[in-house]
Amino acid sequence: MTTLDSRTLAVHAPGPDHGEWWRDAVIYQVYPRSFADANGDGIGDLPGITGRLDHLAALGVDAVWLSPFYRSPQADAGYDVSDYRDVDPLFGTLADFDALLTRAHDLGLKVVVDMVPNHSSDEHVWFQEALRTEPGSPERARYLFREGKGADGELPPNNWQSIFGGPAWTRLSEERHGTADRQWYLHMFDSKQPDLDWTNPEVRAEFESVLRFWLDRGVDGFRIDVAHGMVKADGLPDWDGHVSMIDGTDDAADGDPESVSGGGGNQGPMFDQDGVHEIYRAWRRILDEYDGDRMLVAEAWVDPLSRLARYVRPDEMHQAFNFAFLATGWNAPALREIIAASYQVNDSVGAPTTWVLSNHDVVRHPSRLGLPTPGDRPNGIGRTDPQPDEELGLRRGRAASLLLLGLPGSAYLYQGEELGLPEHTSLDDELREDPAFFRTNGAERGRDGCRVPLPWEADAPAMGYSPTGLTWLPQPEEWKAYAADVQTGQDGSTLELYRETLRLRRELGLGLGGMVWAEEYAGTDQVIAFRNRDVLVVANLGSTPVPLPTGAQVLLSSGLTGDADPGDELPGDTTVWLRLG
Ligand code: GLC
């Protein structure tokens with residue numbers, strides 16, 4: 001039994017309202033290829049998104065974050081950018097982007113775009129120029145080209161592994177690259193994603209100019225991809241640790257933010273080097289030159305949480321994704337420690353804590369929580385893998401979302417989670433596109449299962465995603481029951497639960513609220529309970545009921561339709577918001 005020390009009940013003080021929208025924003029991630037397809041080619045596009053922005057306004061989110069839509073050969077679904085200043089024809093045109101931005105702003109939605117500075121595509125003009133020039137040329141110096149080891153340079157320059165599996169180095173050859181020399185280049189991801197050399201001032205200047213290009217167009221912020229990876233340790237030393245952004249270890253936390261895990265486990269010479277911070281200070285100065293309230297959010301899988309807070313010091317980024325919560329599974333004491341440590345480290349630098357359960361890189365949270373060991377983080381689930389329990393997963397997924405949205409700070413939602421969508425866990429391997437699947441020879445199923453096109457209308461072609469019925473990945477038949485039109489106006493549906501939750505969160509000012517552990521539950525191992533303003537949030541992560549305070553008004557319950565109203569008892573795997581009398 002964990003007993004909380006009553007002196008530490010108050011965890012986070014209510015924030016003053018400086019009018020900075022991002023401090024308490026609910027930000028919805030749109031994955032452009034899978035959101036809505038207007039031109040019917042089976043791949044979502046910017047006009048498709050614009051046409052569905054009403055759904056997001058009605059959902060009650062504050063902002064949209066768009067995964068990359070830039071020119072790209074799509075070797076990593078757009079995270080391999082060949083032109084940072086243009087829209088890929090797959091997704092539309094710059095004029096389509098401007099129209100999206102205007103419509104979003106008209107609806108009161110902010111727009112955050114993705115920036116991918118760690119690597120470019122190998123089809124970027126810079127990499128092509130590097131291939132056409134000699135070793136040692138200024139063109140090569142924009143990337144990390146090195147001579148190999150061994151008598152003929154036949155061994156890679158160091159032992160680093162790619163995050164997608166296999167070696168992180170590829171050797172140039174006449175056949176593949178048209179080069180006479182045999183240097184190697186570094187790619188922490190796919191071989192079509194060469195890492196840029198951020199010690200090179202030209203690289204820095206180029207990205208500062210790219211940021212200005214999108215700021216001038218009117219974007220409200222940037223999500224910085226692999227923000228912990230841009231600077232590598234001098235000399236690129238060997239490292240025997242395991243690189244992964246997805247299946248980090250779930251070390252038991254001990255409550256000390258100096259050691260509470262951020263879920264990444266990434267501490268090698270390619271990650272979280274002190275030099276990255278100077279880049280963000282420079283970027284912050286650029287954003288501060290602009291009017292409005294532009295923001296930066298870091299995707300940084302670093303450990304421990306105290307290291308993550310360094311990315312959101314007052315002169316750096318505004319937010320960092322807090323993956324620790326996502327990585328912790330369904331375990332009340334561990335989550336309580338993560339929550340407390342998250343506030344402690346972020347409060348110490350004056351940054352809001354963010355909360356997130358799902359994104360385009362992880363198994364959707366209802367499915368993770370429905371696995372035999374809830375909270376396991378496999379990189380994808382295939383037909384022959386242990387399957388999640390769909391109903392239990394949905395029950396826990398809704399409970400987790402209600403818990404998360406009751407916490408002060410900013411929250412990130414991934415498209416489709418408002419529908420309670422599970423992962424697609426029976427996708428044919430021949431249809432998979434994630435490079436991680438190929439680079440691990442199928443040992444990792446990869447991320448396609450969380451990227452399947454959304455179901456909008458149960459009976460329309462492609463469930464309303466595409467007018468022609470084409471979809472770049474097939475939608476499971478069972479998803480008809482999750483379609484947005486089926487859930488709209490349906491009492492107790494996940495969509496209506498999210499809408500009501502976001503409405504109340506905003507009305508009651510919970511995003512800027514404070515957090516105090518509820519003393520009455522301090523002695524239990526299965527409950528997370530706290531007060532935020534006048535709301536008592538009680539999440540029962542166990543399978544047996546726990547008592548509820550008498551006389552409290554139930555504002556919201558994550559229970560499934562058909563469940564009895566929580567009276568004096570809260571059933572297992574359920575969260576409620578109560579108004580204190
Ligand atoms: C980030 C993205 C992921 C991508 C990787 C390489 O982690 O979220 O989707 O594959 O970076 O750009």
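**Group meeting: salt bridges and ligand contacts in a predicted model**

Let me begin with the part that calls for caution: over residues 247-254 the pLDDT, the predictor's confidence in each residue from 0 to 100, stays under 50. For this stretch the model has 13 contacts beyond four places in sequence, a contact being heavy atoms within 4.5 Å. Across the protein, the mean pLDDT is 94, and 94% of the residues reach 70 or more. A second stretch with pLDDT below 50 is residues 1-6, which has 14 contacts in the model beyond near neighbours in sequence.

This is a predicted model, in which local features need pLDDT of at least 70 and side-chain atom pairs count only at pLDDT 80 or more, while totals for chains, interfaces and linings use all residues. Residues are numbered from 1 along each chain as its sequence is written, and side-chain values use heavy atoms, with hydrogens and water left out.

I turn now to charge pairs. Side chains of opposite charge can pair when their charged atoms come close. A salt bridge here is a side-chain nitrogen of Lys or Arg within 4 Å of a carboxyl oxygen of Asp or Glu, and the model holds 44 salt bridges by this rule.

One of them joins Arg 103 to Asp 54, with N and O 2.7 Å apart. Arg 103 belongs to helix α4 (residues 94-106) and Asp 54 to helix α3 (residues 53-59), so this pair links distant parts of the chain, 49 residues apart. Helices (H or I, at least four residues) and strands (E, at least two) are DSSP runs, numbered from the N terminus. Arg 103 counts as partly exposed because its relative accessibility is 31%, and Asp 54, at 41%, is likewise partly exposed. The cut-offs are under 20% relative accessible area for buried, over 50% for exposed, and partly exposed in between (1.4 Å probe, protein chains only).

Is the pair Asp 114 and Arg 223 buried or exposed? Both residues are buried. Their closest N and O atoms are 2.9 Å apart in a salt bridge. Asp 114 sits in strand β6 (residues 110-115) and Arg 223 in strand β10 (residues 221-224), so the bridge ties together parts 109 residues apart in sequence.

Arg 396 and Asp 573 form another salt bridge, at 3.0 Å between the closest N and O atoms. Arg 396 is in helix α13 (residues 390-405) and Asp 573 in the loop between β20 (569-570) and β21 (574-579), so parts 177 residues apart in sequence are tied together. Both of these residues are buried.

There is also a network of salt bridges, which links Glu 278, Arg 281, Arg 285, Arg 313, Asp 315 and Glu 316.

Next, the ligand. Which residues are closest to the ligand? Of the 15 that surround the ligand, the closest are Asp 76, Asp 225, Glu 299, His 360 and Asp 361, where near means a heavy atom within 4 Å. Oxygen atoms of the ligand lie 2.9 Å from a side-chain N or O atom of His 119 and 2.6 Å from one of Glu 299. Arg 223 places a polar side-chain atom 2.9 Å from a ligand oxygen. The protein covers 100% of the 310 Å² of accessible area that the ligand has on its own, by the Shrake-Rupley method with a 1.4 Å probe.

Finally, Arg 142 lies in the loop between α5 (125-132) and β7 (145-146). Arg 142 counts as buried because its relative accessibility is 9%.

How values were computed:
A polar contact is a pair of N or O atoms within 3.5 Å; within protein, one must be able to donate a hydrogen and the other to accept it, and residues adjacent in sequence count only if both atoms are side-chain atoms.
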